Amino acid sequence: MSPYDAMAWDFSTEPEFRRELDWMAGFVRAEIWPLETVADDLGADGFERAIAPLRDEVKERGLWAAHLPPALGGQSFGQVKLGLMHEILGSSPHAPLVFGCNAPDSGNAELLALAGTSDQKQQWLEPLLAGDLRSAFSMTEPDTAGSDPTLLATRAIDDGDAWVIDGHKWFSSNGSIADFLVVMAVTDPDARPHQRASMFIVPADTPGVRIVRDVPTMEQPAEHFGRLGGHAEIVYDGVRVARDALLGARGAGFELAQQRLGPGRIHHCMRWLGVSRRAFDMLCERALGRHAHGSLLAEKQTVQNWIADSAAQMQAARLMTLHAAWRIDAEGAAAARQEIALIKFFGAGVLHDVVDRALQAHGALGYSTDLPLEAMYRFARAARIYDGPDEVHRQSVARRILRGYRAPEGGVPTEHVPTRRAAARERFAGLLEAVTSND
Ligand SMILES: Cc1cc2nc3c(=O)[nH]c(=O)nc-3n(C[C@H](O)[C@H](O)[C@H](O)COP(=O)(O)OP(=O)(O)OC[C@H]3O[C@@H](n4cnc5c(N)ncnc54)[C@H](O)[C@@H]3O)c2cc1C
(Lines give C-alpha, C1' and ligand atoms only; values in the text may rest on other atoms or scores of the structure.)
Protein backbone atom coordinates (compact mmCIF):
# COMPACT_ATOMS: atom_id res chain seq x y z
CA MET A 1 0.00 0.00 0.00
CA SER A 2 1.30 3.44 -0.85
CA PRO A 3 1.62 5.75 2.14
CA TYR A 4 -0.47 8.32 0.24
CA ASP A 5 -3.51 6.29 -0.77
CA ALA A 6 -5.39 5.90 2.47
CA MET A 7 -7.16 9.18 2.98
CA ALA A 8 -10.56 7.68 3.68
CA TRP A 9 -9.84 5.86 6.92
CA ASP A 10 -12.97 5.76 8.98
CA PHE A 11 -12.89 4.68 12.62
CA SER A 12 -16.22 6.21 13.48
CA THR A 13 -18.87 4.13 15.20
CA GLU A 14 -22.59 4.71 15.42
CA PRO A 15 -24.05 6.61 18.42
CA GLU A 16 -25.68 3.44 19.82
CA PHE A 17 -22.27 1.79 20.08
CA ARG A 18 -20.80 4.92 21.67
CA ARG A 19 -23.49 4.60 24.31
CA GLU A 20 -22.44 0.99 24.90
CA LEU A 21 -18.82 2.11 25.28
CA ASP A 22 -19.87 4.75 27.80
CA TRP A 23 -21.83 2.13 29.72
CA MET A 24 -18.81 -0.22 29.69
CA ALA A 25 -16.47 2.49 30.94
CA GLY A 26 -18.78 3.30 33.86
CA PHE A 27 -19.43 -0.37 34.66
CA VAL A 28 -15.76 -1.39 34.58
CA ARG A 29 -14.79 1.49 36.84
CA ALA A 30 -17.64 1.14 39.32
CA GLU A 31 -17.94 -2.66 39.51
CA ILE A 32 -14.60 -4.18 38.48
CA TRP A 33 -11.88 -1.78 39.69
CA PRO A 34 -12.92 -2.27 43.34
CA LEU A 35 -12.43 -6.05 43.01
CA GLU A 36 -8.75 -5.58 42.17
CA THR A 37 -7.71 -4.86 45.73
CA VAL A 38 -9.46 -7.91 47.24
CA ALA A 39 -9.12 -10.46 44.41
CA ASP A 40 -6.33 -12.38 46.19
CA ASP A 41 -8.21 -12.41 49.50
CA LEU A 42 -11.35 -13.74 47.82
CA GLY A 43 -9.55 -16.82 46.46
CA ALA A 44 -10.57 -18.53 43.22
CA ASP A 45 -14.08 -19.54 44.37
CA GLY A 46 -14.88 -16.25 46.06
CA PHE A 47 -13.70 -14.35 43.01
CA GLU A 48 -15.90 -16.47 40.73
CA ARG A 49 -18.87 -15.73 43.00
CA ALA A 50 -18.10 -12.02 42.97
CA ILE A 51 -17.96 -11.79 39.18
CA ALA A 52 -20.92 -14.10 38.42
CA PRO A 53 -23.60 -11.35 38.73
CA LEU A 54 -21.39 -8.97 36.76
CA ARG A 55 -21.11 -11.53 33.96
CA ASP A 56 -24.90 -11.90 33.97
CA GLU A 57 -25.25 -8.16 33.55
CA VAL A 58 -22.80 -8.20 30.62
CA LYS A 59 -24.69 -11.08 29.01
CA GLU A 60 -28.03 -9.32 29.43
CA ARG A 61 -26.53 -6.28 27.77
CA GLY A 62 -25.44 -8.46 24.81
CA LEU A 63 -21.75 -7.75 25.29
CA TRP A 64 -20.54 -11.23 26.30
CA ALA A 65 -17.84 -12.83 24.08
CA ALA A 66 -18.44 -10.07 21.56
CA HIS A 67 -15.58 -11.25 19.35
CA LEU A 68 -17.50 -14.31 18.16
CA PRO A 69 -20.11 -14.61 15.41
CA PRO A 70 -23.78 -14.17 16.46
CA ALA A 71 -24.44 -17.90 15.98
CA LEU A 72 -22.08 -18.48 18.90
CA GLY A 73 -23.55 -15.79 21.09
CA GLY A 74 -21.18 -13.02 20.00
CA GLN A 75 -21.82 -9.78 18.18
CA SER A 76 -19.56 -9.88 15.11
CA PHE A 77 -18.59 -6.33 16.01
CA GLY A 78 -15.53 -6.22 13.75
CA GLN A 79 -12.08 -5.20 14.92
CA VAL A 80 -12.56 -1.42 15.20
CA LYS A 81 -15.44 -1.79 17.65
CA LEU A 82 -13.75 -4.66 19.46
CA GLY A 83 -10.61 -2.54 19.72
CA LEU A 84 -12.52 0.36 21.29
CA MET A 85 -14.11 -2.09 23.69
CA HIS A 86 -10.77 -3.63 24.65
CA GLU A 87 -9.33 -0.20 25.36
CA ILE A 88 -11.91 0.09 28.15
CA LEU A 89 -11.50 -3.51 29.33
CA GLY A 90 -7.72 -3.12 29.45
CA SER A 91 -8.02 -0.67 32.31
CA SER A 92 -8.49 -3.60 34.71
CA PRO A 93 -6.84 -7.03 34.55
CA HIS A 94 -10.19 -8.59 35.58
CA ALA A 95 -12.48 -6.88 33.07
CA PRO A 96 -11.85 -9.26 30.12
CA LEU A 97 -12.92 -12.19 32.35
CA VAL A 98 -16.19 -10.45 33.15
CA PHE A 99 -16.82 -9.82 29.45
CA GLY A 100 -15.96 -13.36 28.28
CA CYS A 101 -12.99 -12.26 26.19
CA ASN A 102 -9.97 -13.10 28.35
CA ALA A 103 -6.84 -14.66 26.88
CA PRO A 104 -6.17 -17.43 26.15
CA ASP A 105 -9.81 -18.65 26.19
CA SER A 106 -10.97 -15.99 23.71
CA GLY A 107 -8.27 -16.89 21.17
CA ASN A 108 -8.94 -20.59 21.59
CA ALA A 109 -12.67 -20.00 21.17
CA GLU A 110 -11.91 -18.15 17.94
CA LEU A 111 -9.79 -21.08 16.77
CA LEU A 112 -12.55 -23.55 17.53
CA ALA A 113 -15.12 -21.32 15.85
CA LEU A 114 -12.88 -21.05 12.81
CA ALA A 115 -11.59 -24.58 12.40
CA GLY A 116 -13.53 -26.86 14.76
CA THR A 117 -15.84 -29.60 13.52
CA SER A 118 -19.42 -29.49 14.77
CA ASP A 119 -18.55 -32.20 17.34
CA GLN A 120 -15.52 -30.23 18.55
CA LYS A 121 -17.64 -27.10 18.83
CA GLN A 122 -20.25 -28.92 20.84
CA GLN A 123 -17.75 -30.62 23.13
CA TRP A 124 -15.29 -27.77 23.70
CA LEU A 125 -16.46 -24.46 22.32
CA GLU A 126 -19.94 -24.29 23.82
CA PRO A 127 -18.84 -25.02 27.41
CA LEU A 128 -15.82 -22.73 26.95
CA LEU A 129 -18.14 -19.90 25.97
CA ALA A 130 -20.50 -20.66 28.80
CA GLY A 131 -17.53 -20.25 31.17
CA ASP A 132 -17.80 -23.94 32.26
CA LEU A 133 -14.38 -24.93 30.85
CA ARG A 134 -10.98 -23.29 30.73
CA SER A 135 -8.33 -23.71 28.07
CA ALA A 136 -4.66 -23.06 27.32
CA PHE A 137 -2.62 -22.61 24.17
CA SER A 138 0.50 -24.76 24.28
CA MET A 139 3.03 -23.83 21.64
CA THR A 140 6.23 -22.39 23.16
CA GLU A 141 8.99 -24.81 24.20
CA PRO A 142 11.86 -24.19 26.62
CA ASP A 143 14.43 -25.81 24.30
CA THR A 144 13.56 -24.20 20.96
CA ALA A 145 13.18 -20.52 20.04
CA GLY A 146 9.53 -19.53 20.35
CA SER A 147 10.20 -16.56 18.10
CA ASP A 148 10.89 -19.02 15.27
CA PRO A 149 8.17 -21.66 15.63
CA THR A 150 9.36 -23.49 12.51
CA LEU A 151 11.90 -24.98 14.97
CA LEU A 152 9.20 -26.66 17.11
CA ALA A 153 10.36 -30.04 18.39
CA THR A 154 7.11 -31.45 19.82
CA ARG A 155 6.01 -34.33 17.59
CA ALA A 156 2.62 -35.88 16.93
CA ILE A 157 2.87 -39.25 15.24
CA ASP A 158 0.08 -40.85 13.29
CA ASP A 159 -0.47 -44.21 14.97
CA GLY A 160 -3.44 -45.56 13.03
CA ASP A 161 -6.44 -44.94 15.27
CA ALA A 162 -4.70 -42.24 17.35
CA TRP A 163 -2.16 -39.44 17.41
CA VAL A 164 0.71 -39.80 19.87
CA ILE A 165 2.20 -36.56 21.14
CA ASP A 166 5.65 -36.20 22.71
CA GLY A 167 7.18 -32.90 23.68
CA HIS A 168 8.06 -30.32 26.29
CA LYS A 169 6.25 -26.98 26.47
CA TRP A 170 6.27 -24.04 28.81
CA PHE A 171 4.51 -20.72 29.28
CA SER A 172 1.17 -22.34 28.42
CA SER A 173 -0.85 -19.61 30.17
CA ASN A 174 -3.58 -21.07 32.40
CA GLY A 175 -2.26 -24.57 31.57
CA SER A 176 -2.39 -25.68 35.20
CA ILE A 177 -6.11 -24.88 35.52
CA ALA A 178 -7.13 -25.74 31.97
CA ASP A 179 -9.61 -28.48 31.11
CA PHE A 180 -8.10 -28.79 27.66
CA LEU A 181 -4.95 -27.67 25.89
CA VAL A 182 -4.60 -26.63 22.28
CA VAL A 183 -1.22 -28.13 21.42
CA MET A 184 0.90 -27.24 18.44
CA ALA A 185 3.00 -30.21 17.28
CA VAL A 186 4.96 -31.24 14.19
CA THR A 187 3.07 -33.84 12.16
CA ASP A 188 4.90 -33.53 8.84
CA PRO A 189 8.60 -32.88 9.44
CA ASP A 190 9.46 -33.16 5.74
CA ALA A 191 6.88 -30.64 4.55
CA ARG A 192 7.72 -26.97 3.89
CA PRO A 193 8.54 -25.20 7.18
CA HIS A 194 5.15 -23.53 7.60
CA GLN A 195 3.21 -26.68 6.74
CA ARG A 196 4.90 -28.98 9.23
CA ALA A 197 2.80 -28.38 12.32
CA SER A 198 -0.81 -29.10 13.29
CA MET A 199 -3.02 -28.25 16.24
CA PHE A 200 -4.59 -30.76 18.61
CA ILE A 201 -7.22 -30.53 21.30
CA VAL A 202 -5.80 -32.43 24.27
CA PRO A 203 -7.96 -32.92 27.38
CA ALA A 204 -5.78 -31.99 30.36
CA ASP A 205 -6.49 -35.31 32.11
CA THR A 206 -5.20 -37.44 29.21
CA PRO A 207 -2.59 -39.94 30.47
CA GLY A 208 0.91 -38.65 29.72
CA VAL A 209 0.05 -34.95 30.17
CA ARG A 210 2.27 -33.89 33.06
CA ILE A 211 1.86 -30.33 34.35
CA VAL A 212 5.27 -29.84 35.92
CA ARG A 213 4.79 -26.41 37.51
CA ASP A 214 3.61 -22.88 37.01
CA VAL A 215 6.80 -21.04 36.08
CA PRO A 216 7.44 -18.20 38.57
CA THR A 217 7.74 -14.91 36.69
CA MET A 218 8.22 -11.16 37.17
CA GLU A 219 4.44 -11.03 37.43
CA GLN A 220 4.16 -13.77 40.07
CA PRO A 221 7.63 -14.39 41.50
CA ALA A 222 6.47 -16.64 44.33
CA GLU A 223 6.06 -20.36 43.64
CA HIS A 224 2.40 -21.32 43.33
CA PHE A 225 0.41 -23.82 41.38
CA GLY A 226 -2.97 -23.92 39.74
CA ARG A 227 -3.87 -20.25 39.78
CA LEU A 228 -5.52 -18.20 37.08
CA GLY A 229 -2.83 -16.46 35.04
CA GLY A 230 -0.09 -19.00 35.80
CA HIS A 231 2.26 -20.02 32.99
CA ALA A 232 2.54 -23.80 33.00
CA GLU A 233 5.47 -26.00 32.07
CA ILE A 234 4.05 -29.19 30.58
CA VAL A 235 5.58 -32.49 29.47
CA TYR A 236 3.64 -34.48 26.89
CA ASP A 237 4.85 -38.04 27.29
CA GLY A 238 3.36 -40.47 24.78
CA VAL A 239 0.00 -38.69 24.97
CA ARG A 240 -2.54 -40.66 22.88
CA VAL A 241 -5.47 -38.70 21.54
CA ALA A 242 -8.15 -39.86 19.12
CA ARG A 243 -7.90 -38.93 15.46
CA ASP A 244 -10.66 -36.37 15.88
CA ALA A 245 -8.43 -34.40 18.27
CA LEU A 246 -6.87 -32.75 15.23
CA LEU A 247 -8.07 -29.13 15.08
CA GLY A 248 -8.30 -27.89 11.49
CA ALA A 249 -6.43 -29.52 8.65
CA ARG A 250 -3.23 -31.49 9.09
CA GLY A 251 -0.30 -29.13 8.49
CA ALA A 252 -2.47 -26.01 8.98
CA GLY A 253 -1.07 -25.16 12.44
CA PHE A 254 0.81 -22.03 11.39
CA GLU A 255 -1.99 -20.72 9.24
CA LEU A 256 -4.44 -21.11 12.11
CA ALA A 257 -1.98 -19.57 14.58
CA GLN A 258 -1.69 -16.50 12.35
CA GLN A 259 -5.45 -16.14 12.14
CA ARG A 260 -5.67 -16.46 15.92
CA LEU A 261 -2.87 -14.01 16.65
CA GLY A 262 -3.64 -11.21 14.16
CA PRO A 263 -6.86 -9.78 15.64
CA GLY A 264 -5.66 -10.86 19.12
CA ARG A 265 -2.72 -8.47 18.80
CA ILE A 266 -5.10 -5.57 18.09
CA HIS A 267 -6.97 -6.44 21.28
CA HIS A 268 -3.69 -6.58 23.22
CA CYS A 269 -2.64 -3.18 21.90
CA MET A 270 -5.95 -1.57 22.79
CA ARG A 271 -5.87 -3.14 26.26
CA TRP A 272 -2.35 -1.72 26.69
CA LEU A 273 -3.78 1.70 25.87
CA GLY A 274 -6.34 1.17 28.63
CA VAL A 275 -3.48 0.47 31.06
CA SER A 276 -1.48 3.43 29.69
CA ARG A 277 -4.43 5.79 30.14
CA ARG A 278 -4.82 4.74 33.76
CA ALA A 279 -1.09 5.28 34.40
CA PHE A 280 -1.24 8.60 32.53
CA ASP A 281 -4.11 9.79 34.74
CA MET A 282 -2.01 8.92 37.78
CA LEU A 283 0.96 10.82 36.30
CA CYS A 284 -1.13 13.97 35.78
CA GLU A 285 -2.74 13.75 39.22
CA ARG A 286 0.65 13.36 40.85
CA ALA A 287 2.10 16.27 38.88
CA LEU A 288 -0.60 18.55 40.26
CA GLY A 289 -0.32 17.25 43.82
CA ARG A 290 3.42 16.99 44.55
CA HIS A 291 5.55 19.99 45.48
CA ALA A 292 9.36 19.91 45.44
CA HIS A 293 12.19 22.41 44.95
CA GLY A 294 9.92 25.44 44.98
CA SER A 295 7.17 24.34 42.60
CA LEU A 296 4.71 21.62 41.72
CA LEU A 297 6.02 18.76 39.59
CA ALA A 298 3.50 20.02 37.01
CA GLU A 299 5.54 23.19 36.63
CA LYS A 300 8.81 21.40 35.90
CA GLN A 301 9.68 21.05 32.26
CA THR A 302 10.83 17.44 32.56
CA VAL A 303 7.45 16.44 33.95
CA GLN A 304 5.66 18.53 31.33
CA ASN A 305 7.69 16.68 28.70
CA TRP A 306 6.63 13.35 30.22
CA ILE A 307 2.99 14.39 30.02
CA ALA A 308 3.21 15.77 26.48
CA ASP A 309 5.32 12.85 25.16
CA SER A 310 2.99 10.31 26.77
CA ALA A 311 -0.08 12.01 25.27
CA ALA A 312 1.55 12.08 21.82
CA GLN A 313 2.68 8.44 21.99
CA MET A 314 -0.70 7.23 23.21
CA GLN A 315 -2.48 9.17 20.47
CA ALA A 316 -0.13 7.73 17.83
CA ALA A 317 -0.52 4.18 19.17
CA ARG A 318 -4.30 4.55 19.31
CA LEU A 319 -4.56 5.78 15.72
CA MET A 320 -2.14 3.10 14.50
CA THR A 321 -4.09 0.37 16.28
CA LEU A 322 -7.45 1.60 15.01
CA HIS A 323 -5.97 1.83 11.54
CA ALA A 324 -4.76 -1.77 11.73
CA ALA A 325 -8.20 -2.81 13.02
CA TRP A 326 -9.91 -0.90 10.22
CA ARG A 327 -7.68 -2.61 7.65
CA ILE A 328 -8.52 -6.05 9.06
CA ASP A 329 -12.22 -5.19 8.84
CA ALA A 330 -11.83 -3.87 5.30
CA GLU A 331 -9.41 -6.41 3.81
CA GLY A 332 -8.81 -9.26 6.28
CA ALA A 333 -6.01 -10.05 8.72
CA ALA A 334 -3.58 -11.25 6.04
CA ALA A 335 -3.67 -7.85 4.27
CA ALA A 336 -2.99 -6.07 7.57
CA ARG A 337 0.11 -8.01 8.58
CA GLN A 338 2.43 -5.05 8.41
CA GLU A 339 0.08 -2.77 10.35
CA ILE A 340 -0.36 -5.46 13.01
CA ALA A 341 3.41 -5.99 13.36
CA LEU A 342 3.99 -2.21 13.55
CA ILE A 343 1.53 -1.68 16.34
CA LYS A 344 2.60 -4.78 18.28
CA PHE A 345 6.10 -3.49 19.00
CA PHE A 346 5.21 0.22 18.98
CA GLY A 347 2.26 -0.26 21.35
CA ALA A 348 4.34 -2.36 23.76
CA GLY A 349 6.95 0.43 23.85
CA VAL A 350 4.34 3.12 24.51
CA LEU A 351 2.85 1.10 27.36
CA HIS A 352 6.29 0.69 28.88
CA ASP A 353 7.23 4.38 28.55
CA VAL A 354 3.98 5.78 29.96
CA VAL A 355 3.95 3.42 32.94
CA ASP A 356 7.64 4.08 33.58
CA ARG A 357 7.12 7.86 33.68
CA ALA A 358 4.07 7.60 35.95
CA LEU A 359 6.04 5.31 38.28
CA GLN A 360 9.02 7.68 38.31
CA ALA A 361 6.80 10.69 39.09
CA HIS A 362 5.54 8.88 42.19
CA GLY A 363 9.03 8.12 43.50
CA ALA A 364 9.06 5.49 46.26
CA LEU A 365 5.27 5.38 46.28
CA GLY A 366 5.32 4.37 42.60
CA TYR A 367 7.77 1.54 43.34
CA SER A 368 5.63 0.31 46.24
CA THR A 369 2.61 -1.97 46.02
CA ASP A 370 0.51 0.85 47.51
CA LEU A 371 -0.12 1.83 43.88
CA PRO A 372 -0.87 -0.42 40.88
CA LEU A 373 2.03 1.10 38.91
CA GLU A 374 4.64 -1.49 39.87
CA ALA A 375 2.29 -4.28 38.72
CA MET A 376 1.62 -2.38 35.49
CA TYR A 377 5.36 -2.06 34.98
CA ARG A 378 5.86 -5.83 35.30
CA PHE A 379 2.90 -6.42 33.00
CA ALA A 380 4.37 -3.98 30.47
CA ARG A 381 7.69 -5.81 30.34
CA ALA A 382 6.06 -9.04 29.21
CA ALA A 383 4.26 -7.25 26.36
CA ARG A 384 7.59 -6.89 24.55
CA ILE A 385 8.01 -10.68 24.52
CA TYR A 386 4.71 -12.56 24.18
CA ASP A 387 2.96 -12.88 20.82
CA GLY A 388 6.35 -12.37 19.23
CA PRO A 389 9.26 -10.35 20.64
CA ASP A 390 9.76 -6.75 19.46
CA GLU A 391 12.77 -7.69 17.35
CA VAL A 392 10.81 -10.21 15.28
CA HIS A 393 8.03 -7.72 14.53
CA ARG A 394 10.57 -5.04 13.64
CA GLN A 395 12.34 -7.51 11.38
CA SER A 396 9.09 -8.46 9.68
CA VAL A 397 8.13 -4.80 9.16
CA ALA A 398 11.56 -3.89 7.80
CA ARG A 399 11.59 -6.85 5.40
CA ARG A 400 8.18 -5.92 4.01
CA ILE A 401 9.16 -2.29 3.62
CA LEU A 402 12.43 -3.22 1.91
CA ARG A 403 10.52 -5.23 -0.70
CA GLY A 404 9.44 -1.87 -2.11
CA TYR A 405 13.06 -0.72 -2.60
CA ARG A 406 16.12 -1.82 -4.53
CA ALA A 407 19.82 -1.08 -4.28
CA PRO A 408 20.91 2.03 -6.22
CA GLU A 409 22.30 1.42 -9.67
CA GLY A 410 26.07 1.42 -9.71
CA GLY A 411 26.07 1.99 -5.95
CA VAL A 412 25.33 5.73 -6.34
CA PRO A 413 22.51 6.89 -4.02
CA THR A 414 19.43 8.08 -5.93
CA GLU A 415 19.60 11.38 -4.07
CA HIS A 416 23.35 11.94 -4.74
CA VAL A 417 23.44 15.71 -5.35
CA PRO A 418 26.38 15.93 -7.81
CA THR A 419 24.81 13.18 -9.96
CA ARG A 420 21.40 14.86 -9.87
CA ARG A 421 22.99 18.23 -10.56
CA ALA A 422 24.77 16.86 -13.66
CA ALA A 423 21.47 15.42 -14.94
CA ALA A 424 19.62 18.68 -14.20
CA ARG A 425 22.30 20.73 -15.96
CA GLU A 426 21.83 18.60 -19.03
CA ARG A 427 18.04 18.88 -18.86
CA PHE A 428 17.94 22.61 -18.26
CA ALA A 429 20.99 23.42 -20.43
CA GLY A 430 19.06 25.86 -22.63
CA LEU A 431 17.65 27.82 -19.69
CA LEU A 432 20.97 27.84 -17.87
CA GLU A 433 22.71 29.13 -20.98
CA ALA A 434 20.13 31.89 -21.40
CA VAL A 435 20.51 32.96 -17.75
CA THR A 436 24.30 32.96 -18.02
CA SER A 437 24.31 34.94 -21.30
CA ASN A 438 21.98 37.59 -19.71
CA ASP A 439 24.52 38.22 -16.95
C1 LIG B 1 3.56 -13.54 29.98
C2 LIG B 1 3.76 -14.53 28.85
C3 LIG B 1 2.69 -15.33 28.45
C4 LIG B 1 2.87 -16.27 27.44
N5 LIG B 1 1.83 -17.09 27.09
C6 LIG B 1 2.01 -18.07 26.18
C7 LIG B 1 0.98 -19.03 25.90
O8 LIG B 1 -0.14 -18.97 26.45
N9 LIG B 1 1.25 -20.04 25.02
C10 LIG B 1 2.46 -20.15 24.41
O11 LIG B 1 2.63 -21.09 23.62
N12 LIG B 1 3.47 -19.26 24.65
C13 LIG B 1 3.26 -18.25 25.53
N14 LIG B 1 4.31 -17.37 25.82
C15 LIG B 1 5.60 -17.54 25.19
C16 LIG B 1 5.92 -16.48 24.15
O17 LIG B 1 5.08 -16.59 23.04
C18 LIG B 1 7.40 -16.64 23.80
O19 LIG B 1 8.14 -16.27 24.96
C20 LIG B 1 7.84 -15.79 22.62
O21 LIG B 1 7.30 -16.29 21.41
C22 LIG B 1 9.38 -15.77 22.49
O23 LIG B 1 9.91 -17.06 22.45
P24 LIG B 1 11.11 -17.47 23.45
O25 LIG B 1 10.72 -17.10 24.82
O26 LIG B 1 11.44 -18.89 23.17
O27 LIG B 1 12.31 -16.52 23.07
P28 LIG B 1 13.41 -16.77 21.91
O29 LIG B 1 12.71 -17.18 20.65
O30 LIG B 1 14.46 -17.64 22.44
O31 LIG B 1 13.95 -15.30 21.71
C32 LIG B 1 14.75 -14.68 22.70
C33 LIG B 1 15.13 -13.30 22.24
O34 LIG B 1 15.91 -13.39 21.07
C35 LIG B 1 15.77 -12.22 20.33
N36 LIG B 1 15.41 -12.54 18.96
C37 LIG B 1 14.66 -13.57 18.51
N38 LIG B 1 14.51 -13.50 17.18
C39 LIG B 1 15.19 -12.42 16.77
C40 LIG B 1 15.40 -11.80 15.51
N41 LIG B 1 14.89 -12.33 14.39
N42 LIG B 1 16.15 -10.67 15.46
C43 LIG B 1 16.67 -10.14 16.60
N44 LIG B 1 16.49 -10.68 17.82
C45 LIG B 1 15.75 -11.79 17.90
C46 LIG B 1 14.66 -11.39 20.98
O47 LIG B 1 15.21 -10.38 21.79
C48 LIG B 1 13.97 -12.41 21.85
O49 LIG B 1 13.30 -11.83 22.97
C50 LIG B 1 4.12 -16.40 26.81
C51 LIG B 1 5.20 -15.58 27.23
C52 LIG B 1 5.02 -14.66 28.22
C53 LIG B 1 6.19 -13.82 28.65
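This text walks through the fold, the ligand site and a few single residues. The model is predicted.

Start with the whole chain. The protein chain has 439 residues, and buried residues make up 46% of them. It holds 14 helices and 10 strands. Taken along the principal axes, its C-alpha atoms fill a box of roughly 95 × 65 × 45 Å. The exposed surface comes to about 22,400 Å². Carbon and sulfur atoms supply 53% of that area. Contacts reach across the sequence: among those between residues at least 6 apart, 70% join residues at least 24 apart.

Now turn to strand E4, residues 180-186. All 7 of its 7 residues are buried, so the rest of the structure largely encloses E4. In a regular strand the side chains alternate between the two faces of the sheet. In E4, Phe 180, Val 182, Met 184 and Val 186 point one way. Leu 181, Val 183 and Ala 185 point the other way. Both sets are buried.

E4 has pairing partners. Strand E1 (135-138) runs parallel to E4, and 4 bridges join the two. There, Ala 136 of the chain stands opposite Leu 181 in E4. Strand E5 (197-203) pairs with E4 in the antiparallel sense, over 7 bridges. Val 183 has Phe 200 in E5 as its bridge partner.

Helix H5 packs against these strands. H5 spans residues 105-115, and 10 of its 11 residues are buried. Among them are Asp 105, Asn 108 and Glu 110, along with Leu 111 and Leu 112. What do the buried residues of H5 pack against? The strands are E1, E4, E5 and E8 (246-247). The helices are H6 (118-129) and H7 (253-289). H5 is thus mostly covered.

A further set of strands centres on E7, residues 231-242. E7 runs antiparallel to E3, and 9 bridges join them. Ala 162 stands opposite Ala 242 in E7. Strand E6 (residues 209-214) also runs antiparallel to E7, joined by 5 bridges. Here Arg 213 stands opposite Glu 233 in E7.

E3 leads on to the ligand. E3 (162-173) and helix H12 (390-402) each supply at least two residues of the shell around the ligand. H12 gives the largest share, 3 residues. The shell counts 18 residues, and Phe 137, Thr 140, Gly 146, Ser 147 and Phe 171 come nearest to the ligand. By class, 9 residues of the shell are nonpolar, 7 are polar and 2 are charged.

Which polar atoms of the protein lie beside the ligand? A backbone N or O atom of Met 139 sits 2.9 Å from a ligand oxygen atom. A polar backbone atom of Gly 146 is 2.8 Å from an oxygen atom of the ligand. Gln 395 uses its side chain instead: a polar atom there lies 2.8 Å from a nitrogen atom of the ligand. On its own, the ligand has 980 Å² of accessible area, and the protein covers 66% of it.

Two single residues round off the tour. Take Glu 87 in helix H3, residues 79-89. Is Glu 87 buried or exposed? Glu 87 counts as buried because its relative accessibility is 19%, and the cut-off for buried is under 20%. The side chain of Glu 87 makes a polar contact of 2.8 Å with that of Arg 318. Leaving out residues up to four places away in sequence, Glu 87 touches Met 270, Arg 271, Leu 273, Gly 274 and Arg 318.

Leu 42 lies in helix H2, residues 39-60. Leu 42 has 34% relative accessibility, so it counts as partly exposed. The partly exposed class runs between the 20% limit for buried and the 50% limit for exposed. Beyond residues up to four places away in sequence, Leu 42 touches Leu 35, Phe 47 and Ala 50.

Methods: Residues numbered from 1 in each chain as written. Predicted model: local features only at pLDDT ≥ 70, side-chain atom pairs only at ≥ 80, totals over all residues. Heavy atoms only, no water. Near = heavy atom within 4 Å. Polar contact = N/O pair within 3.5 Å; in protein donor to acceptor, adjacent residues only side chain to side chain. Areas by Shrake-Rupley, 256 points an atom, 1.4 Å probe, with all protein chains shown as cover. Nonpolar A, V, L, I, M, F, W, Y, C, P; charged D, E, K, R; others polar. Pairing = 2+ DSSP bridges. Buried < 20%, exposed > 50% of the residue type's maximum accessible area, 1.4 Å probe, protein only. Contact = heavy atoms within 4.5 Å.
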